[in-house]
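Trainee: I am new to this structure and would like to look closely at a single part of it. Could you take me through that part slowly, in one connected account?

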Amino acid sequence: DSNALSQPGPDPVQDVSFVAGPGIRGVLPMGNRGLFDFWQETGYIYFRDLTSLRNVYNVSRISGSLGGRDFVLHGTGGYRAGQVRPTSELDLPLDQTIVDVGGGLDVAIASAQQLNFLFTQTEFTHDDPAGEEVDISVPNLLDRTTSVATAQFERYLTATASLIAEGSYDVIDYVDDSTQRDGRGYGGVGGVLFSPRGDIQGEARFGYRRLDPEFESQADFSGFVGSADVTFPFGLRFRARGIFRRDTSPSILDNNWFFVETRVGGSVDVYVADRWFLRPGISIGNNSYPLTSTFENEGGEIVTEVVRDDFRIYQLSINYELTEDLVFNVGVNALSRESNLPQFAKDRTVLLIGLATRF
């Protein structure tokens, strides 16, 4: 990793890291009316030089369902603790803990249609970045609880594709009330879901979202949001993937309680032999902010202006399919980020080697 701490400037910290850990999943049927499912994974993140970043991660999840032909009740709970880079804005390695609980009801209303109701509550807590001098408190700006209620209509088109229409309402409650970041959100999306076992795989959702802050000092948001990640065959030796994302994320910039991330990109798998393929790709994006911020620019002047944040990610990998779902790969990802805020402007190149699975 040419920039392990995502630092600006000409001399970033380089390092080598390694991640590995065992996981186990158990599925217990309860007659023909229910199912109990659990997942446990524990592993280790190793850094050669940045010893303060060495860490253990843990993922635990349980879920259960009970029902019959026309309805299914289900519940889930999860705990995830480990090192992450929380957003494209805050791409620093830090410890994050996520605890979530949820429950829902799926009701069949016809042979090829159903209604899904879901409620989830998620708690996010963070530590400040290790080994990095920051002039903000990440926990004060990002620690929060979100409660989301969702209603979804789903109609099956084929065995591998279905249409959805979804509405949601969420409450965002920050731990530190002094930051004045609490708010409400609601919206709706529609789209198509594709089975991972079909020729076309992935999903595409597009719609509208609104954010209403509780405090007048904060800006609101109203506009288009969406996400898409679809893979499809293109002839006998090509497989194309397209990605798109536009949505709000919590920001660490003074009075901006959110930013809007928009990114678009794609990649192509080019099979050079039966199991060997190359994967070149690119992703282009930007983060936009509703209000101005006061900061020191590259020339050392204190300015008050809207932060500009643009980024590009290039990738190239060589892949070998060990099995249908397990792939060995060697690759490189290169990030180029340009911003009028000096702390955001940076380059990062990561050489990768490992195993990947798709499901």
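Trainee: How many residues lie between S8 and S9 in the hairpin they form?

Mentor: Please keep in mind that this is a predicted model. Two residues lie between S8 and S9 in their hairpin, and the two strands, of which S9 covers residues 161-174, pair in the antiparallel sense over 14 bridges. To follow that pairing on the structure, you can look for Thr 145, which stands opposite Asp 173 in S9.

S8, which spans residues 144-158, also pairs with strand S7, made of residues 113-126, and these two run antiparallel and are joined by 12 bridges. Here a useful landmark is Gln 114, which has Glu 154 of S8 standing opposite.

From S9 we can move on to the packing of side chains. The largest nonpolar core has nine residues, namely Ile 172, Tyr 174, Val 189, Leu 211, Phe 221, Val 225, Trp 257, Phe 258 and Val 260, and S9 is one of the elements that give two or more residues to this core, together with strand S12 (221-233) and strand S14 (258-271). In soluble globular proteins, nonpolar side chains tend to be buried together.

Within this core, Phe 221 deserves a careful look: leaving aside its neighbours within four places in sequence, Phe 221 is in contact with the core residues Leu 211, Phe 258 and Val 260, and its contacts also include Arg 209, Arg 210, Arg 246 and Thr 248.

Notes
Residues are numbered from 1 along each chain as its sequence is written. This is a predicted model: local features need pLDDT of at least 70, side-chain atom pairs count only at pLDDT 80 or more; totals for chains, interfaces and linings use all residues. Side-chain values use heavy atoms; hydrogens and water are left out. Two strands pair if DSSP finds at least two bridges between them. Helices (H or I, at least four residues) and strands (E, at least two) are DSSP runs, numbered from the N terminus. A nonpolar core is a set of buried Ala, Val, Leu, Ile, Met, Phe, Trp, Tyr and Cys residues joined through side-chain atoms within 4.5 Å. Buried means under 20% relative accessible area, exposed over 50%, partly exposed in between (1.4 Å probe, protein chains only). Contact means heavy atoms within 4.5 Å.
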